Amino acid sequence: MNPTNLSKYPNKLIVSKIRNGIVIDHIPAGKALKVLRVLGITGSEGLRVALVMNVESRKLGRKDIVKIEEKFLSMKELSLIALIAPTATINVIKEYKVVEKQRVEPPSIVKGLIKCPNPTCISRKKNEPIKSLFKLKSTNPIMLECQYCGYVLKGDEIEDYIES
Ligand code: CTP
C-alpha cells in the first residue's frame with residue numbers, strides 16, 4: 001500500500017496480529033526506536049519485532065507501535081518506558097488475545113536508571129559507589145529532580161541520560 005493512501009484505509013492492519021508477546025501501543029510518534037533502545041533490543045537477539053511509526057491515532061493524532069513476540073516486560077523496563085513514552089499502553093498477548101492491558105506509570109523514585117546530566121554531581125564521580133537517585137516532581141511533562149544536586153531533568157531530555 002502506498003503510504004500516502006494510509007488514511008483511506010483506517011482499519012487496515014499494517015502488521016499482522018501476534019500470537020504471544022507484547023504490543024506497546026500509543027507510543028508518542030517518533031519514539032518507537034527509543035523504546036526499543038531502552039529495552040536493549042538491537043535485532044541480534046533473534047526476537048520477532050514489528051515497528052510501526054507515525055500512524056493515525058484517535059487519542060494522539062499520530063502514534064508509534066512496537067510488537068515483540070515472546071517477550072514480557074520487567075518492572076525496570078516498564079519504568080523506563082513510562083519515562084520516555086508516558087502515553088504508552090502495554091498489551092500482553094496470549095494465543096492471539098489481549099489478556100492484559102496496562103497504562104505505564106512513572107515511578108515516584110527512580111534509582112540507578114538515569115545518569116544525572118550535571119557533570120559535577122556526586123552520583124557521577126567514578127570513585128563514589130553512589131547510584132543516581134531522582135524524585136518524580138511532575139508527570140505532565142515528566143520532571144525528575146536529582147536528590148544529590150537538585151538538577152531537574154525534563155521531558156525529552158530524559159531519554160538521552162538512560163544508563164546503559
Ligand atoms: N494486537 C496484536 N496481536 C493480537 C492482539 C492485538 O498485535 N493478537 C494489537 C492490536 O493491533 C492493537 C493492540 O494490540 O494495536 C491492542 O489491541 P486491542 O486492545 O484489540 O485494540 P484497541 O481496542 O484498539 O486498543 P485500545 O483501546 O488500547 O486503543
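In this predicted model, an N or O atom in the side chain of Lys67 sits 2.6 Å from an oxygen atom of the ligand. Lys101 does something along those lines, with a polar side-chain atom 2.7 Å from a ligand oxygen. Tyr96 brings in its backbone instead: one of its polar backbone atoms is 2.8 Å from a nitrogen atom of the ligand. As for cover, the ligand on its own would expose 600 Å², and the protein buries 71% of that.

Zooming out a little, the shell around the ligand counts 13 residues, and those that come nearest are Ile18, His26, Lys67, Tyr96 and Lys101. Two or more shell residues come from each of strand 1 (21-28), strand 4 (89-94) and strand 5 (97-103). Strand 1 is the top contributor, with three residues.

Now for the chain as a whole. Its two helices and nine strands follow the order β-α-β-β-α-β-β-β-β-β-β from the N terminus. The C-alpha trace spans about 55 × 30 × 25 Å along its principal axes. Buried residues make up 39% of the 164 in the chain. Looking at contacts between residues at least 6 apart in sequence, 56% of them link residues at least 24 apart.

On the outside, the chain shows an accessible surface of about 10,000 Å², and carbon and sulfur atoms account for 50% of it. Charge-wise, there are 28 positive side chains and 17 negative ones, with the centres of the two sets 3 Å apart.

Methods:
Residues are numbered from 1 along each chain as its sequence is written. This is a predicted model: local features need pLDDT of at least 70, side-chain atom pairs count only at pLDDT 80 or more; totals for chains, interfaces and linings use all residues. Side-chain values use heavy atoms; hydrogens and water are left out. Helices (H or I, at least four residues) and strands (E, at least two) are DSSP runs, numbered from the N terminus. Buried means under 20% relative accessible area, exposed over 50%, partly exposed in between (1.4 Å probe, protein chains only). Contact means heavy atoms within 4.5 Å. Accessible areas come from the Shrake-Rupley method with a 1.4 Å probe; for residues, only the protein chains shown count as cover. Lys and Arg count as positive and Asp and Glu as negative; His and the chain ends are not counted. The place of a charge is taken as NZ of Lys, CZ of Arg, CG of Asp or CD of Glu. A residue is near a molecule or strand if one of its heavy atoms lies within 4 Å of it. A polar contact is a pair of N or O atoms within 3.5 Å; within protein, one must be able to donate a hydrogen and the other to accept it, and residues adjacent in sequence count only if both atoms are side-chain atoms.
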